Amino acid sequence: MPQIDLGSIDYAILGVYFAFVLGIGWVVRRYVRGSEDFFLAGRSMPAWIAGLAFLSANLGAQEVIGMAASGAKYGMMTSHFYWLGAIPAMVFVGVFMMPFYYGSRARSVPEYLKLRFDEKTRGFNAITFAGMTVLSSGISMYALAKLLELVLGWNFHMSVGLSALIVLAYIFLGGLTSAIYNEVLQFFLIVLGFLPLVLLGLRDVGGWDGLTARLSTVATNAGYPEGAWSSSWRHLDSAASNPMGVEWFGLAMGLGFVLSFGYWCTDFLVVQRAMAAESMTAARRTPLLAAIPKMLFPALVIVPGMIAIALHATTPGGLLPAGPDGTPNYNLAVPVMLAHYLPSGLLGLGLTALMASFMSGMAGNVTAFNTVWTYDIYQSYIRPGQTDRHYLRMGHAATVFGILLSVIAAYAATRFNNIMDMLQLIFAFVNAPLFATFLLGMFWRRATGHGAFFGLLAGTGAAAVHHGLVISQGAPVGLKGGFLGTLLHTYPSEMAQNFWTAIIAWTTCFVATIAISLLTARNKSDDDLKGLVYSLTPRQQDAALPWHKRPATLGVIVLGLTLVLNIMFW
Amino acid sequence: MKLDLRLPIGLMFSIFGVMLLGFGVISDAAIYQRSLGINVNLWWGVVLLIFGLVMLGFALRARGAERGTP
């Protein structure tokens, strides 16, 4: 694709943004007195700030680029990641899970596992989680630097170095407070930076109706029913009638239940933001307030991809450059659209928004990493019983080497693509069953430490075995599946394969945890489990709160609005 | 009292608004061909400036209230 030339106004906008990000870090550095200030922002965030940070930390560059790419590749069905997956899960974590996370005063998700189950379950979760955060921030750094190299001609080393240094500086100065404040700034920047692109694109293709008409060409050209790209539910009766290659059950169970609930309810990267809230009610409202903008995000991140593929199909010569295998390079949908519609000035704002999304995602990973490292690995296994100052210093050091490890991972990704893919796959196997452990842990007091630990291992193993016995259509045997030699099933798409891997891992972990728990003795008495298990925790009394502050009421409203959106874009 | 976050948000978007608006006034009309002939810098600059000023307004009002008006 032709390179984009930036004018001085574009660089000036980027420069102003960097100045503000660093400035916030500089101002909030004085709030950091002890380790809880650094790792949990002193548990002092109002719900709206924690909520927007909750949203922003998840909205990394890979999310923005990847959702637009999926919008181009699968069309409106991509909205299920939001309206079927994320939103119900966010309501669940706010209404049902936050009372245990926040009420137990655990400082991290692994620490909750230790309080609820035992040391080995915590250790397993802490170590895999720490590895995963470093790896994913490295990979997104790699992806961003590659993209900037491709579309702007920026030097790869400079992009990696500069972005790492800025994120390092503001987290080092202000810890989680600085990360959260910047995430809120980044949230507004992402919305206001991408919105003009969506508005111009929709105007150009003739609004939603014009877009639907063009997308029916895309669908029929690819051999699918006319509305395959512009409706979310209508073509889910069989895997063959939609581009995602899934049917409703695999989608609802795999994506809607296991993967989404697993991510939003157990991933410390997002849960940490709610743990930083100023009170129990604020912590419970954090994911619910985040869900309200979240449900509108498909317009911001998926629609640009849909417009890109619509223009691609109806413009002579196409719009998206072809990838190595001849199909359009969907990952370039966002930069191509930026270059297509935005003149110098707004282009700078759009690119700054892209940088902001990258930084919020990376800072999310780094702050989650330094907390889990310091509290759950260093304080637990390496040097327990030190002063709070000691752990605060360790937090600063962990920020530095966490970012250093991310940079190493970014460079490793350029040289050993296979190892990176393999690591990512292993982490996916570890994550898939995790939600079963939490569900049983929070709602069944009989679940034991051995049950949780060996259930997790069984679930992870089941994920690996399933992945090794199946493959998606046209994929080479190896990392993409089939590595165990025999092929039991061929899925129509990689996505369907992943959904079913998750379903099998979750079910195995759920059944194994129950079975092993029943065979082993309880290691925690009812007294130990107060505040950690639903039936042993006093209900939250919300009657005194005004209706708009009651988590259950908010949850019902959010779910109702999401249902309306699902029906509107049926 | 911690930093009122509306202050830096308001300030940053006001600056962006002024920059885009100013650039929209002085820039050559030819660059707006790709944005369907609309001077998007000018219009979006106005939007950002309004957003920034509203945020600043809230922040300053909160600050005034905290100082204790009679």
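Reader: Why are α7(A) and α8(A) called oblique to each other, rather than parallel or perpendicular?

Author: In this predicted model, the axes of helix α7 (residues 119-152) of chain A and helix α8 (residues 156-205) of chain A cross at roughly 135° and come within 9 Å. Angles over 145 degrees count as roughly antiparallel and those of 65 to 115 as roughly perpendicular, while the rest, once those under 35 are set aside as roughly parallel, are oblique; α7(A) and α8(A) are therefore oblique to each other. Their crossing is, in addition, right-handed.

Reader: Which residues of α7(A) and α8(A) meet?

Author: From α7(A) come Met141(A), Leu144(A), Ala145(A), Lys146(A), Leu148(A) and Glu149(A), and these meet Phe156(A), Ser159(A), Val160(A), Ser163(A) and Ala164(A) in α8(A). By class, this contact holds seven nonpolar, two polar and two charged residues.

Reader: What radius of gyration does chain B have, set against that of a compact globule of 70 residues?

Author: Chain B has 16 Å, whereas a compact globule of 70 residues would have a value near 11 Å. Along the principal axes, the C-alpha atoms of chain B fill a box of roughly 55 × 20 × 15 Å, and the chain contains two helices and zero strands. Buried residues, those with 20 or more other C-beta atoms within 10 Å, make up 31% of chain B.

Reader: What makes up the side of chain B that touches chain A?

Author: The contact takes 23 residues from chain B and 29 residues from chain A. On the chain B side, α1(B) gives the most, with nine residues, and the classes are 17 nonpolar, four polar and two charged residues.

Technical notes. Residues are numbered from 1 along each chain as its sequence is written. Chains are lettered from A and ligands numbered from 1 in the order in which they are written. This is a predicted model: local features need pLDDT of at least 70, side-chain atom pairs count only at pLDDT 80 or more; totals for chains, interfaces and linings use all residues. Two residues are in contact if their C-beta atoms, placed from the backbone, lie within 7 Å. Helices (H or I, at least four residues) and strands (E, at least two) are DSSP runs, numbered from the N terminus. Ala, Val, Leu, Ile, Met, Phe, Trp, Tyr, Cys and Pro count as nonpolar, Asp, Glu, Lys and Arg as charged, and the others, Gly among them, as polar. Axes are lines fitted to C-alpha atoms, for helices over the stretch in contact, and angles run from 0 to 180 degrees between N-to-C directions. A crossing is left-handed if the near helix is turned anticlockwise from the far one by less than a right angle, and right-handed if clockwise. The radius of gyration is taken over C-alpha atoms; the globule rule is 2.2 Å times the number of residues to the power 0.38. A residue is buried if 20 or more other C-beta atoms lie within 10 Å of its own, exposed if 12 or fewer, and partly exposed in between; C-beta atoms are placed from the backbone.
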